[in-house]
Amino acid sequence: MITYNENTKIFKLDTKTTSYVLGLADDKYVGHVYYGKKLESTDLGYLLRLEEPPFVPSKNLREKVTFLDTCPMEYSFSGSGDFRESCITATTAEGQQGLDLTYVSHRIYTGKEALDSLPATWGADGETLEITMEDEPTGIRVLLSYSVFADSDAVIRSVKVINGGKEAVYLDRVMSACLDMDNENYDVLSLHGSWARERHMERQSLGYGSCVTESLRGESSHQDHPFLALLTKNCTQAEGEVYAMNFVYSGNFLAKAQRCQHDTVRMVMGIHPENFRWKLEAGESFQAPEVVCVYSDEGLGKMSRTFHDLYRNHLIRGKYKDQIRPVLVNSWEAAYFDFDTEQLLALAKQAAELGIEMLVMDDGWFGQRNSDEGSLGDWTVNEEKLKGGLKYLVDEVNALGMKFGIWFEPEMISPDSDLYRAHPDWALQLKGRTGSMARAQYVLDLSRPEMVDYVYESLCAVLRSANIEYVKWDMNRPLTDIGSTYLPADRQGELSHRYMLAVYELQERLTRDFPDLLLENCSSGGARFDPGMLYYSPQIWCSDDTDAIERLAIQEGTQLLYPLSTIGAHVSDCPNHTVGRVTPFETRGIVAMAGTFGYELDPRKIPAEDREKIPGQIEDYKKYAPLIQKGDYYRISSYQDNHLFDCYEIVSKDKSEAVVFFIQVLNEPNYRSRKIRLQGLEEKATYLIDGKSYSGEALMSAGLILQRLQGDFQAQIIEVRLKS
Ligand code: DGJ
């Protein structure tokens, strides 16, 4: 619910348990008042501290610099006196920078408007506040949007810039959100990693200066994640305060927490300003992507559950949004590039007998693609490998009772491809320079309008040729050589963002024209696991590292923000192809069950005793999947912290059942059993575990005793059910 008090000039946004308050300072500037636990009171204008000497916003502007440098701002701008991190920088036709954005008007409306060409949260039960600010001399207008949904604790922010002047201006920086607060000796939490090691949690103290997490790779990246949170020192899974931001965008981003001289903290998030310059003609507008803000006063656990619910209910779309996904077997780790129709059908036959529901043919089915050296862009079926053609293969797989899925890497072009030989100008490139290759490939210049149609038609031709029910959309290298032979000189700075808009347009067209298709995004493992991608695909491949133990940290960092039903997780063969580790088949299955379950192996080639376990594993997955899909996630313990075991729990919304995943990474000598405290249950209720009765209160406060498992890398699932 959103209110405006005409007398106090205060806007108040209430979610289920939080309040976000902003107001007009000096009747002019849009200042931040409060964000935190829900407040009934609306009389909060005093928090702007306008009466306090010496930071008086003098009517004669004598102390304007001091005022702007201390006022908590909703959207900061540089050049007039605020020396903290700026949200917007614009250069005029005269080459000058500097803005003074002041309040013009506002509107409050029911619902939430879609964002122009960008992924965004949606929902009719929303309410939105839109504030218009203007820089009078240039006519630049900035529209700040804040939305809330009745069933969510998130506040969603976005920004639109309109050039209301008479001449073109250049936007050099447009952040999407800014949060100014008093310093509370915060820690900063972010997610870092690299290929095969995505989204490891990193917590550090915020000192004076800035703490930055960013990507300039043209993708949200393995390396950093578009997420940043401030935590009070006492913050744990269940206690303490969290202020979090997550960016609904899949390209370059900057997230910064800045501790400033007057012991205030500013947090900003948006498109990375480096390599960004957007020409805005008179009358044109620029829409910046949205940021999801979450406040929790019950630690990280509540934050995670807020993100999960928001993404499940207000971001993911399409047929599979609330459906349990088919159990798939993927040909990548099973065969890499070495397959043909006969082998795929033999694999599928065995898989079908074991209860696997879909065969995904990964990289290697097109052009002359027998290694990763070429053919990207030549999306025609290699009939030497797939004798009889794609339709024959798909029909045969369907005849086994299985669905069929296919892999694409639509954004790329190999120098060794017919496409590149015909159109060398279609790759991103800098004039007079040899392009930087990665995995022997270049990136297509998707800012060219004909490129989007070309890529789309190539994809559609394949999809229309057979009964294909799933697409894995891969992207295996970062963007370099950020230059376009299509864009004019004064628009080259738009390339990285235009590239992302084109990817979004392609996926929008794909999901609109093929509404029954299950789309899984992927980027060299999990380099594009972000909310932007979730808008188009209900699941995303989490990491190329399929080792059950490495996956614990990767999945923990991913679960911190994203529902388990979005996390692509497969059982692979051992020794693991990435780290060479050998783990029990049961453990690999249990770890993969906390995601969209599948196999990344050739079931004919694994040991018979493992193969025999597959039907039971699938049965277990099907049993737990509805709870995993819809339930509340609680992190009980982290292997990253204790170096011994990992434990997490999913509780049904009505608290009638729960499932606990316990993975003992290392065994220890000389202990009999371990005690874990469950969370999220009904205190007064009685629950059954393995036929024994426990009160919810006992399970949560005193704990559950788990008998010691013999050996390393052991795992178990514990079922908790309400006693009827
Ligand atoms: C990277 C993906 O993460 C893998 O699963 C696989 O699809 C390869 N690309 C294929 O090139």
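**Exercise 1. Counting salt bridges**

How many salt bridges does the count come to?

*Solution.* Keep in mind that this is a predicted model. A salt bridge needs a side-chain nitrogen of Lys or Arg within 4 Å of a carboxyl oxygen of Asp or Glu. By this rule, the count comes to 57 salt bridges. Some of these residues join up further: K279, E281, D490, R491, E494 and R498 are linked in a network.

**Exercise 2. The pair E586 and K613**

Find out how far apart in sequence the parts joined by E586 and K613 are, and how accessible each residue is.

*Solution.* Step one is the distance: the closest N and O atoms of E586 and K613 are 3.3 Å apart, and the two form a salt bridge. Step two is the location. E586 sits in helix 11 (residues 585–592), while K613 belongs to the loop between helix 12 (608–611) and helix 13 (614–630), so the pair ties together parts that are 27 residues apart in sequence. Step three is accessibility, where partly exposed runs between the limits of 20% and 50%. E586 has a relative accessible area of 37%, so it is partly exposed. K613, at 30%, also counts as partly exposed.

**Exercise 3. The surroundings of helix 11**

Is helix 11 largely enclosed by the rest of the structure, or largely open?

*Solution.* Start with the residues under 20% relative accessible area, the cut-off for buried. In helix 11 these are F585, T587, R588, G589, I590, V591 and A592. Because 7 of the 8 residues are buried, helix 11 is largely enclosed by the rest of the structure.

**Exercise 4. Two further pairs**

Work out which elements are joined by K623 with E719, and by D632 with K653.

*Solution.* Take K623 and E719 to begin with. Their closest N and O atoms lie 2.8 Å apart, and they form a salt bridge. K623 is in helix 13 and E719 in strand 37 (residues 714–722), so this pair ties together parts 96 residues apart in sequence. K623 counts as partly exposed at 44% relative accessibility, and E719 counts as partly exposed at 27%.

Now turn to D632 and K653, whose side chains meet in a salt bridge at 2.6 Å, N to O. D632 is in strand 30 (residues 632–637), and K653 is in the loop between strand 31 (645–651) and strand 32 (657–664), 21 residues apart. Here D632 is buried, with a relative accessible area of 14%, whereas K653 is partly exposed at 46%.

**Exercise 5. Looking for disulfides**

Why is C178 not bonded to the closest cysteine sulfur?

*Solution.* The cut-off for a disulfide is a pair of cysteine sulfur atoms within 2.5 Å. For C178, the closest cysteine sulfur is in C87, 4.1 Å away, which is too far for a bond. C178 is buried, at 0% relative accessibility. Over the structure, the count comes to 0 disulfides. C574 is in no disulfide either, and its nearest cysteine sulfur, in C542, is 18 Å away.

**Exercise 6. The largest pocket**

Describe the space and the lining of the largest pocket.

*Solution.* Begin with the space, which is about 600 Å³. Next comes the lining of 28 residues, where L47, R49, P72, M181 and D182 are the closest to the centre. Two or more lining residues come from each of strand 4 (29–37), helix 1 (64–70) and strand 10 (169–182). Strand 4 gives the largest share, 6 residues. Sorted by class, the lining has 14 nonpolar, 5 polar and 9 charged residues.

Conventions:
Residues are numbered from 1 along each chain as its sequence is written. This is a predicted model: local features need pLDDT of at least 70, side-chain atom pairs count only at pLDDT 80 or more; totals for chains, interfaces and linings use all residues. Side-chain values use heavy atoms; hydrogens and water are left out. Buried means under 20% relative accessible area, exposed over 50%, partly exposed in between (1.4 Å probe, protein chains only). On a 1 Å grid over the protein atoms alone, a cavity is a set of points where a 1.4 Å probe fits but cannot get out, and a pocket is an open set with protein on both sides within 12 Å along at least five of seven lines; lining residues have an atom within 4 Å of a point. Grid points are joined across faces, edges and corners, and a volume is the space filled by probe spheres set on the points. Helices (H or I, at least four residues) and strands (E, at least two) are DSSP runs, numbered from the N terminus. Ala, Val, Leu, Ile, Met, Phe, Trp, Tyr, Cys and Pro count as nonpolar, Asp, Glu, Lys and Arg as charged, and the others, Gly among them, as polar.
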